[in-house]
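I set out to record the overall fold, the surface and the interior packing of this chain. My entries follow below.

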Amino acid sequence: MLNTHSRMKQNDKIYVAGHSGLVGGALVRLLKARGFNNLITRSRAEVDLRDERAVRNFFAEERPDLAVLAAAKVGGIKANIDAPVEFLIENLQIQNNVIRAAHEAGARKLLFLGSSCIYPKFAPQPIPESALLSGPLEPTNEPYAIAKIAGVKLCQAFAREYGANFISVMPTNLYGPGDDFDLETSHALAALLRKAHEAKMSGAGEMIVWGTGVPRREFLHVDDLAAAVLFLLENYDSPEIINVGCGEDISILELAELICDVVGFRGELKWDRSKPDGTPRKLLDISKIKKLGWQPTISLRDGVARFYEWFLDNYVPQSMASVR
Ligand code: GFB
């Protein structure tokens with residue numbers, strides 16, 4: 001499966017869809033740092049990826065050598081429950097448009113980013129790639145998962161029917177610079193970091209955590225994911241999906257405690273059991289990518305500490321946004 005034909009050149013024209021998001025942002029930083037000097041990005045105002053004609057025109061004009069599809073409508077458990085229509089339709093639109101246009105414009109390779117929520121709710125743990133479509137999905141994010149599964153299948157269909165080198169990568173739960181801190185839409189790690197910080201600053205005695213604290217999740221720093229994406233662009237040319245994670249999971253209770261420790265909040269955790277737990281456990285089996293020669297480098301504690309530093313330097317509270 002290792003294939004030198006797809007080796008990247010420094011002047012390859014690389015389109016990163018979703019460059020202002022968590023994953024796309026990390027990938028653009030890494031590609032620039034590694035000397036790739038022909039990156040293309042477009043804001044949503046320039047090319048709305050939900051608009052088929054706009055996407056086709058853009059690809060026909062730019063003809064990128066490589067495309068990374070890191071653009072998606074994403075969010076945490078509440079956002080997924082609140083907006084099933086948007087999670088389903090917008091993701092289908094974005095991926096259908098980009099994947100087809102990349103093929104039509106002759107892209108040499110495309111990398112599609114999926115999600116660990118494509119796997120069944122009660123998949124074996126750690127979850128091997130072979131668990132895809134082996135059982136019912138977790139209801140809290142089924143629309144998102146169905147869209148991502150459709151993206152995987154479309155990439156595989158282009159590979160089978162037209163010989164396209166379109167690969168699909170399934171990352172576990174991610175965090176890092178550029179994360180969403182809106183408590184209504186964010187994922188757990190960013191939300192808990194913000195809550196712990198605000199509780200500490202205000203001198204509150206407690207902070208609210210959703211659910212029971214029992215569910216287990218695996219968290220990967222987005223810089224590790226970006227490194228894996230670059231590795232796979234250079235070394236993986238199979239339409240079979242491939243997992244990327246850190247290889248370890250922790251309970252939400254343990255996560256909340258770790259975050260409070262890093263932030264320095266010493267109060268109590270208060271559990272809001274009216275909020276959903278979601279899937280009981282989600283730990284990816286990463287033996288496939290490890291065998292190819294990639295492994296994560298950022299431990300959860302170090303990653304959260306780095307992320308908190310970034311937060312302190314960059315996060316502008318909503319109430320402050322208008323006065324800056
Ligand atoms: O990260 P999260 O929103 O999404 O929630 P999922 C993970 C767990 O953390 C759940 C708990 O058990 C939440 O109840 N949690 C505790 C919190 N406190 C909080 C909080 O303040 N905010 C949030 N958001 N959660 C998502 C999917 O599932 O995972 C997406 O909905 C995607 O589609 C993403 O796949 C990676 O891990 O449950």
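**Notebook: fold, surface and core**

I first looked up the secondary structure and found 11 helices and 13 strands, where helices (H or I, at least four residues) and strands (E, at least two) are DSSP runs numbered from the N terminus. The model is predicted, with local features needing pLDDT of at least 70 and side-chain atom pairs pLDDT 80 or more, while totals for chains, interfaces and linings use all residues. Residues are numbered from 1 along each chain as its sequence is written, and side-chain values use heavy atoms, without hydrogens and water.

I then checked the dimensions. The C-alpha atoms fill a box of roughly 60 × 45 × 40 Å along the principal axes.

Next I noted burial: 52% of the 324 residues are buried, meaning under 20% relative accessible area with a 1.4 Å probe, protein chains only. Of the contacts (heavy atoms within 4.5 Å) with a separation of 6 or more, I found that 81% join residues 24 or more positions apart.

I turned to the interior. The largest nonpolar core (buried Ala, Val, Leu, Ile, Met, Phe, Trp, Tyr and Cys residues joined through side-chain atoms within 4.5 Å) has 78 residues, and Phe 59, Tyr 119 and Leu 232 have the most contacts inside it. Helix H7 (residues 222–235) gives this core its largest share, 9 residues. I listed the contacts of Leu 232 beyond four places in sequence; among them are Lys 109, Leu 111, Ile 167 and Ile 289. A second, separate core has 26 residues, including Leu 193, Ile 252, Ala 256 and Val 304.

Terms used. Buried < 20%, exposed > 50% of the residue type's maximum accessible area, 1.4 Å probe, protein only.
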